[in-house]
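Student: I would like a close look at a single part of this structure, the place where the two chains meet. Please start from the fold and work inwards to individual residues.

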Number of protein chains: 2
Amino acid sequence: MDLLKQRIIEEGRTIGEEIIKVDSFLNHQIDVGLFVEMGKEFRRLFDSKKITKLLTIEASGIAIASIAALEFGVPVVFAKKAQSRNLDKEIYTSKVYSFTKQITYDVMVSKKYLSSDDHVLILDDFLANGKAALGLIDIARQAGATVEGVGIVIEKGFQSGGKLLREQGIKVESLAIIDRIKDGKVTFLN
Amino acid sequence: MDLLKQRIIEEGRTIGEEIIKVDSFLNHQIDVGLFVEMGKEFRRLFDSKKITKLLTIEASGIAIASIAALEFGVPVVFAKKAQSRNLDKEIYTSKVYSFTKQITYDVMVSKKYLSSDDHVLILDDFLANGKAALGLIDIARQAGATVEGVGIVIEKGFQSGGKLLREQGIKVESLAIIDRIKDGKVTFLN
């Protein structure tokens, strides 16, 4: 998605060869006009799929899924994060390891809001090692729901998450795939 | 806002006399169609104000502010929460005590995204004791921004937050104000 890649080039701040900060428009300040265009693009990319629910994870995923839901016309469910603790039986849960924060947290969705009738599209801001997406897929499958795909704003193509998901036969569509970050310069795969 | 109050009555689950759970449409599953109507109502309620930025706090506020931003045509900034730790100088921060979780956390906004030119509308899902709203007001004022008002989806009229903010001369508009919760029944003030 050219509009997005242009914003990443213009506003992204790189740290080393693995990190790019895009908090001016994606995950701290939100450019809602851009998000509307991203929602339309996700709709186009998953147009062949019957989607009944958008599943994402707090916090940054919420805005992406909420605006995309205007195009899909279905509810959003956002998984909640908590550091591991006792959980009641009314909740689907999966453990996710965060490399950035170096902690394992529980991802939780109430059983009320996902069922075997659901066809789920998972949306998130970043795909790096894929741990968060795998946690959401695990939760959707615990509910007996069908995972129709994963839509990502920025995929780090040099990390393993995208490969891992695609090898499982999951349809992954990323609006921008970063090939590499070198000397402060970002190049894309798509 | 009748549409909202109807949903609270139909779907809210009360716990004792102080808690109402509305996670079927507001803060776990999100009914985006309702959010669009709420966004229009916030726009109407603050129509006399010149707003340059919507300020909210993760996680539940993000969807509310993002959809409302479609009406206001301005960026959203969402404050991040973290348990107290060392913070760098590029961040406005305020301490917020959560009665629910019984912890104090830091609310943080990068200095890049709020300035003295900004006219800020603060949006959030709940107003109870007002601590989160006061934290966001504190941050906006550290930036030298003008706080044009606070828009709330559900105000607990039986708690002190609304009074506290209005006594400071802040324009607070709540789409539903709960008068009391008794024997599982919710009554409204507005």
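Tutor: Chain A has 5 helices and 11 strands. The model is predicted, and what follows should be read with that in mind. The C-alpha atoms of chain A fit in a box of roughly 50 × 35 × 30 Å along the principal axes. A compact globule of 190 residues would have a radius of gyration near 16 Å, and chain A agrees because its own value is 16 Å. Of the 190 residues in chain A, 54% are buried. Among contacts in chain A between residues at least 6 apart in sequence, 59% join residues at least 24 apart.

Now the interface. On chain A, 29 residues are in contact with 29 residues of chain B. The two chains bury about 2,400 Å² between them, and 65% of this lies on carbon and sulfur atoms. In chain A, the residues that lose the most area to chain B are H28(A), Q29(A) and Y113(A), which together account for 28% of what that side buries.

As for polar interactions, the rule finds 0 salt bridges across the interface of chain A and chain B. It does find 14 residue pairs in polar contact there, with both residues at pLDDT 80 or more. Several elements of chain A each supply at least two residues to the side that touches chain B: strands β3 (29-30), β5 (76-83) and β7 (103-110), and helices α2 (32-45) and α3 (60-72). Of these, α3(A) gives the most, with 7 residues. Sorted by class, the side of chain A that touches chain B has 16 nonpolar, 7 polar and 6 charged residues.

One residue to examine in detail is K53(A), which lies in strand β4 of chain A. K53(A) counts as buried because its relative accessible area is 11%, under the 20% cut-off. Across to the other chain, the side chain of K53(A) makes a polar contact with the side chain of Q29(B), at 3.0 Å. Leaving out residues up to four places away in sequence, K53(A) touches V74(A), P75(A), V77(A), Y113(A), L114(A), D118(A), H119(A), V120(A), L121(A) and Q29(B). That list includes Y113(A), one of the three residues of chain A that lose the most area to chain B.

Within its own chain, K53(A) forms a salt bridge with D118(A), the closest N and O atoms being 3.6 Å apart. This pair links distant parts of the chain: K53(A) sits in strand β4 (residues 53-57), D118(A) in the loop between β7 and β8 (119-127), and the two are 65 residues apart. Both D118(A) and K53(A) are buried. Side chains of opposite charge can pair when their charged atoms come close. K53(A) therefore has a salt-bridge partner in chain A, D118(A), and a polar-contact partner in chain B, Q29(B).

A second residue to look at is S110(A), in strand β7 of chain A. S110(A) is buried because its relative accessible area is 8%. Setting aside neighbours within four places in sequence, S110(A) is in contact with E90(A), I91(A) and Y92(A) of its own chain and with H28(B) of the other.

The salt bridges can be set against this. The structure holds 28 of them over all chains, while the rule finds 0 across the interface of chain A and chain B. Two in chain B serve as examples. R166(B) and E155(B) meet through their side chains at 2.8 Å, N to O. R166(B) is in helix α5 (residues 161-167) and E155(B) in strand β9 (residues 146-156), so the salt bridge links distant parts of chain B, 11 residues apart. R166(B) counts as partly exposed because its relative accessibility is 33%, whereas E155(B) is buried, at 4%.

The other example is the salt bridge between the side chains of K171(B) and E173(B), at 3.2 Å, N to O. Here K171(B) is partly exposed, with 26% relative accessibility, and E173(B) is partly exposed as well, with a relative accessible area of 22%. In chain A, salt bridges that share partners join R7(A), E11(A) and D31(A) into one network.

Key: Residues are numbered from 1 along each chain as its sequence is written. Chains are lettered from A and ligands numbered from 1 in the order in which they are written. This is a predicted model: local features need pLDDT of at least 70, side-chain atom pairs count only at pLDDT 80 or more; totals for chains, interfaces and linings use all residues. Side-chain values use heavy atoms; hydrogens and water are left out. Contact means heavy atoms within 4.5 Å. Buried area is the accessible area (1.4 Å probe) that two parts lose on being put together, summed over both. A salt bridge is a side-chain nitrogen of Lys or Arg within 4 Å of a carboxyl oxygen of Asp or Glu. A polar contact is a pair of N or O atoms within 3.5 Å; within protein, one must be able to donate a hydrogen and the other to accept it, and residues adjacent in sequence count only if both atoms are side-chain atoms. Helices (H or I, at least four residues) and strands (E, at least two) are DSSP runs, numbered from the N terminus. Ala, Val, Leu, Ile, Met, Phe, Trp, Tyr, Cys and Pro count as nonpolar, Asp, Glu, Lys and Arg as charged, and the others, Gly among them, as polar. The radius of gyration is taken over C-alpha atoms; the globule rule is 2.2 Å times the number of residues to the power 0.38. Buried means under 20% relative accessible area, exposed over 50%, partly exposed in between (1.4 Å probe, protein chains only).
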